[in-house]
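Let's take a stroll through a protein model together. Have the sequence and the 3D view ready, and follow along as we go.

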Amino acid sequence: MNRRIIRHGFILILIALVTGLLLPAMQIPRLGLSAHTIGILSGVLLIGIGAIWSAFSLSARQALVMYWGWVYSSYANWLGCLIGAFAGAGQMTPLASSGVKADTWAEATVAVLLISVAITSLVAVALSIWGLRRHRANDA
């Protein structure tokens, strides 16, 4: 078990719940709802990963990269959607934003966050799969 990543999960759930309260103040409430949902689901995912942490068989460096990959991608995904919702930046999220677009700085910020989420999530998932490979014939 990894209490640090579990704590991040609960923190993310808390800020996602607060996000839900702020929906009426957002330029794109549907994208804010996405941030709320993403935050809660990512928080639960972090709690689950923390709960099975001892099942991963990784080097110290791989475990560190996996840890920060999961933590970063969870917060950055929530934050990217939240910034988009408040700033009206919907270019990267056309379904949730109905094509609404904002100033270049806001669109660029959301794009950088969401693209970095895609990369770090892929790395974290790949390391998770690698870390759960079987080592002994008696592993179940």
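Here is a short tour, from the whole chain down to a few residues.

## How sure is the model?

First things first: what you're looking at is a predicted model. The chain's average pLDDT is 91, and 96% of its residues score at least 70. That confidence isn't spread evenly, though. Helix H1, covering residues 3–21, has the highest mean at 97, while helix H4 (residues 94–97) has the lowest, at 73.

## The overall build

If you're hunting for strands, you can stop: the chain has zero of them, alongside five helices. Reading along the sequence gives you the pattern α-α-α-α-α. As for its dimensions, the C-alpha trace spans about 55 × 25 × 20 Å along the principal axes.

How much of the chain is buried? Of its 140 residues, 43% fall into that group. On the outside, the accessible surface adds up to about 7800 Å², and carbon and sulfur atoms own 70% of that.

Now for who touches whom. Take the contacts in the chain with a separation of 6 or more: 72% of them involve residues 24 or more positions apart.

## A buried histidine

Zoom in on His-36, which sits in helix H2, residues 29–51. Is His-36 buried or exposed? Its relative accessibility is 17%, so His-36 counts as buried, since the cut-off for buried is under 20%.

Which residues does His-36 touch, once you skip those up to four places away in sequence? The answer is Ala-16, Leu-17, Thr-19 and Gly-20.

## An arginine out in the open

Next up is Arg-3, a member of helix H1. Here the relative accessibility is 62%, which is why Arg-3 counts as exposed; the bar for that label is over 50%.

Try finding Ala-51 as well. Arg-3 and Ala-51 are 48 residues apart along the chain, yet their C-alpha atoms are separated by 8.1 Å.

## A nonpolar patch

Finally, look at the surface around Leu-14, Val-18, Leu-21, Leu-22 and Phe-86. Together these residues make a nonpolar patch of about 470 Å². Which helix gives the most to the nonpolar patch? That would be H1, with three residues.

Leu-14 is one of the patch residues, and it is found in helix H1. With a relative accessible area of 54%, Leu-14 is exposed, because it passes the over 50% mark.

Methods. Residues numbered from 1 in each chain as written. Predicted model: local features only at pLDDT ≥ 70, side-chain atom pairs only at ≥ 80, totals over all residues. Heavy atoms only, no water. pLDDT = per-residue confidence, 0-100. Helix = DSSP H or I, 4+ residues; strand = E, 2+ residues; numbered from the N terminus. Buried < 20%, exposed > 50% of the residue type's maximum accessible area, 1.4 Å probe, protein only. Contact = heavy atoms within 4.5 Å. Patch = residues over 30% accessible without salt bridge, like charges linked within 9 Å, V, L, I, M, F, W, Y side chains within 5 Å. Areas by Shrake-Rupley, 256 points an atom, 1.4 Å probe, with all protein chains shown as cover. Salt bridge = Lys/Arg side-chain N within 4 Å of Asp/Glu carboxyl O.
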